[in-house]
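Welcome! Please take a moment to look over the sequence and the model, and then read on for a short guided tour.

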Amino acid sequence: MHETDMTKALIVTIRNWYYSQPEQPKIEKIHLVVGQFTCVEPVSLQFAFEVQTRNTFLEGVELVIRDIPLIAFCHRCQQEYKPEIGLQYSCPDCNSPMEDIKSGRELKIDRIEYSSRTAPTHN
């Protein structure tokens with residue numbers, strides 16, 4: 001379950017940003033972009049986030065995850081296609097192996113929603 005380690009890294013990143021602000025804002029939502037080819041399970045990521053943020057400045061913050069589909073490009077056919085993860089990665093028309101991934105590997109913070117209210121103090 002690599003979602004646990006990813007969540008730890010996410011919390012550290014947010015914490016560094018949070019404490020660098022002149023006044024700590026009340027964080028409402030964290031929007032993530034997660035590609036399907038990262039093999040991250042959104043439900044597991046949500047669970048890990050909820051557990052690891054208890055009694056912290058992020059407790060109760062909503063984690064919003066936007067899935068990005070796996071899309072590859074076949075240079076032989078000059079077209080994009082959607083590989084079936086775990087089943088079929090080659091081009092459906094010519095069977096060329098998947099070489100050029102256009103999307104699906106993303107794993108990043110898209111944006112943070114916060115209000116100007118100062119957050120309650122947590123460790």
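This report goes from the overall build of the chain to its strands, its salt bridges and a few single residues.

**The overall build**

Please keep in mind from the start that this is a predicted model. The chain contains 2 helices and 6 strands. If you follow the sequence from its beginning, these elements come in the pattern α-β-α-β-β-β-β-β. The radius of gyration is 18 Å, well over the 14 Å that the globule rule gives for 123 residues, so the chain is more spread out than a compact globule. You can also picture this through a box: along the principal axes, the C-alpha atoms fill roughly 60 × 25 × 15 Å.

How much of the chain counts as buried? Of the 123 residues, 33% do. The chain exposes about 7,800 Å² of surface, and carbon and sulfur atoms supply 48% of that area. Contacts give another view of the fold: among those between residues at least 6 apart in sequence, 71% join residues at least 24 apart.

**Strand 1 and its partner**

A good place to begin is strand 1, which covers residues 25–35. Because 8 of its 11 residues are buried, strand 1 is largely enclosed by the rest of the structure. Strand 1 pairs with strand 2 (residues 62–68) in the parallel sense, and 7 bridges join the two. To travel from strand 1 to strand 2, the chain passes through helix 2 (residues 42–52), and this β-α-β crossover is right-handed. If you would like one pair of residues to look for, try V33, which stands opposite R66 in strand 2.

**Salt bridges**

Side chains of opposite charge can pair when their charged atoms come close. How many salt bridges does the structure hold? There are 6, and the table shows three of them, including the distance from N to O and the relative accessibility of each partner.

| Salt bridge | N to O distance | Relative accessibility of the first residue | Relative accessibility of the second residue |
|---|---|---|---|
| E62 and K29 | 4.0 Å | E62: 41% | K29: 28% |
| R54 and E50 | 3.8 Å | R54: 46% | E50: 48% |
| R111 and D110 | 4.0 Å | R111: 43% | D110: 38% |

The pair of E62 and K29 brings us back to the two strands we have just met. E62 lies in strand 2 and K29 in strand 1, so their salt bridge ties together parts that are 33 residues apart in sequence. Residues count as partly exposed between the limits of 20% and 50% relative accessible area. E62, at 41%, is therefore partly exposed, and so is K29, at 28%.

The other two pairs can be read in the same way. In the second pair, R54 is partly exposed at 46%, and E50 is also partly exposed at 48%. In the third pair, R111 counts as partly exposed at 43%, as does D110 at 38%.

R111 and D110 also belong to a wider arrangement: R66, D110, R111 and E113 are linked in a network of salt bridges. You have already come across R66, the residue in strand 2 that V33 stands opposite.

**Two loop residues with positive phi**

Where does C39 sit? Its place is in the loop between strand 1 and helix 2. C39 has a positive phi of about 60°, although it is not a glycine.

Q78 is another residue other than glycine with a positive phi, here near 55°. You will find Q78 in the loop between strand 3 (71–74) and strand 4 (79–81). Is Q78 buried or exposed? With a relative accessible area of 54%, Q78 is exposed.

**L107 and the residues around it**

Our last stop is L107, which has its place in strand 6 (residues 107–118). L107 counts as partly exposed, at 41% relative accessibility. Which residues does L107 contact, leaving aside its neighbours within four places in sequence? They are M6, V33, V34, T38 and V40. One of them, V33, is the residue that stands opposite R66. The C-alpha atoms of L107 and Q36 are separated by 9.4 Å, and these two residues are 71 apart along the chain.

Definitions and conventions: Residues are numbered from 1 along each chain as its sequence is written. This is a predicted model: local features need pLDDT of at least 70, side-chain atom pairs count only at pLDDT 80 or more; totals for chains, interfaces and linings use all residues. Side-chain values use heavy atoms; hydrogens and water are left out. Buried means under 20% relative accessible area, exposed over 50%, partly exposed in between (1.4 Å probe, protein chains only). Helices (H or I, at least four residues) and strands (E, at least two) are DSSP runs, numbered from the N terminus. Two strands pair if DSSP finds at least two bridges between them. A crossover is right-handed if, with the strands pointing away from the viewer, the path from the first strand over the helix to the second runs clockwise. The radius of gyration is taken over C-alpha atoms; the globule rule is 2.2 Å times the number of residues to the power 0.38. Contact means heavy atoms within 4.5 Å. Accessible areas come from the Shrake-Rupley method with a 1.4 Å probe; for residues, only the protein chains shown count as cover. A salt bridge is a side-chain nitrogen of Lys or Arg within 4 Å of a carboxyl oxygen of Asp or Glu.
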